[in-house]
Amino acid sequence: MDSNVRILVVEDEDKMRELIKIAFKKENYNTFEAINGKHGLEMFKNAKFDIVILDVMLPEIDGWTVCREIRRLSNVPIMLLTARGEEFDKLFGFELGADDYIVKPFSPRELVARAKALLRRADARSTDTSCSLMLGDILINRLSREITINDEPINLTNKEYELLLFLATNPKIVFTREQLLLKVWGYEQYGDPRTVDTHIKKLREKMGDYSSYITTVWGVGYKLEVPR
Ligand code: CA
């Protein structure tokens with residue numbers, strides 16, 4: 001795992017934050033510290049983090065609320081910290097969207113190991129969702145750039161593929177020819193809008209029975225959607 005990992009630590013006890021920081025520093029992970037719930041939420045909203053280590057008992061805004069609020073905004077992995085003897089309901093924590101929890105005092109090595117496990121899981125999840133895209137009977141594999149329609153592979157040129165991928169990533173949205181030239185071909189200007197028409201025509205031919213996925217919106221442009 002690379003050293004660009006950014007960890008948000010929300011914890012009011014100075015000693016505990018220090019311990020966590022040192023533990024992750026050994027792994028070359030960057031920790032960012034918030035000393036209360038309010039501060040933690042503000043930091044979360046203003047930067048990107050790979051994982052959140054969140055104390056439950058916090059001043060200003062408690063850890064439960066912070067957890068629920070972060071989950072509303074993102075699916076970043078969240079690990080709760082709880083003190084032994086503290087009233088802690090793990091089911092409640094999971095319901096609020098926490099991924100794991102660890103009881104204080106814990107060994108720094110265990111904390112790091114658990115955080116790594118969460119990061120790996122999150123990583124696998126994001127590769128899963130980003131490498132393939134399914135829209136109706138169209139399946140697009142972004143890693144291999146293969147497209148199958150109703151399990152039949154179709155052969156597309158590079159630009160036909162890019163065009164279909166772009167429309168499929170933004171289903172039901174109508175794009176003008178100029179917008180497509182910009183998004184797919186990268187032409188800011190001087191592009192010929194007819195280029196789009198010829199590619200759409202080719203794409204429809206290759207899609208055969210499924211050509212109706214691409215709709216012409218007269219006077220505007222094109223969109224892709226699963227026909228009813
Ligand atoms: Ca605390």
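By class, how many nonpolar, polar and charged residues does the lining of the largest cavity have? Let's get to that by looking at the cavity itself, keeping in mind that this is a predicted model. The structure holds one cavity of 30 Å³ or more, and the volume of the largest cavity comes out at about 30 Å³. Around it you'll find Pro77, Asp99, Leu118, Arg121, Ala122 and Arg125. Sort that lining by class and you get three nonpolar residues, three charged ones and no polar ones.

Now zoom out to the domains. The domain assignment splits the protein into domain 1, covering 6–126, and domain 2, covering 132–224. Between the C-alpha centres of domain 1 and domain 2 there are 42 Å.

On to helix packing. Two packed helices are described by the angle between their axes and the distance between those axes. Take helix α2 (residues 37–46) and helix α3 (residues 63–73): their axes are 10 Å apart, and the packing angle is about 10°. Angles under 35 degrees count as roughly parallel, so α2 and α3 are roughly parallel to each other. On the α2 side, the residues that meet α3 are Gly37, Leu41, Phe44 and Lys45; their partners in α3 are Val66, Glu69, Ile70 and Leu73. The residues of this α2 and α3 contact break down into five nonpolar, one polar and two charged.

Helix α6 (residues 158–169) and helix α8 (residues 193–207) also have axes 10 Å apart, and they pack at an angle of about 85°. With 65 to 115 degrees counting as roughly perpendicular, α6 and α8 are therefore roughly perpendicular to each other. Here α6 contributes Lys159, Glu160, Leu163, Leu164 and Leu167 to the contact, while α8 brings in His199, Ile200, Lys202, Leu203, Lys206 and Met207. By class, the residues of the α6 and α8 contact are six nonpolar, one polar and four charged.

Finally, a couple of backbone details for anyone who likes checking torsions. Most residues other than glycine have a negative phi, and most peptide bonds are trans. Against that background, look at the bond joining Lys104 and Pro105: this is a cis peptide bond, with omega at about -5°. Pro105 sits in the loop between β5 (100–104) and α5 (108–131). Then there's Arg145, which isn't a glycine but still has a positive phi of about 55°. You'll find Arg145 in the loop between β7 (138–141) and β8 (146–149).

Note on methods. Residues are numbered from 1 along each chain as its sequence is written. This is a predicted model: local features need pLDDT of at least 70, side-chain atom pairs count only at pLDDT 80 or more; totals for chains, interfaces and linings use all residues. Side-chain values use heavy atoms; hydrogens and water are left out. Axes are lines fitted to C-alpha atoms, for helices over the stretch in contact, and angles run from 0 to 180 degrees between N-to-C directions. Helices (H or I, at least four residues) and strands (E, at least two) are DSSP runs, numbered from the N terminus. Angles under 35 degrees count as roughly parallel, over 145 as roughly antiparallel, 65 to 115 as roughly perpendicular and the rest as oblique. Contact means heavy atoms within 4.5 Å. Ala, Val, Leu, Ile, Met, Phe, Trp, Tyr, Cys and Pro count as nonpolar, Asp, Glu, Lys and Arg as charged, and the others, Gly among them, as polar. On a 1 Å grid over the protein atoms alone, a cavity is a set of points where a 1.4 Å probe fits but cannot get out, and a pocket is an open set with protein on both sides within 12 Å along at least five of seven lines; lining residues have an atom within 4 Å of a point. Grid points are joined across faces, edges and corners, and a volume is the space filled by probe spheres set on the points. Domain bounds come from an automatic or database domain assignment.
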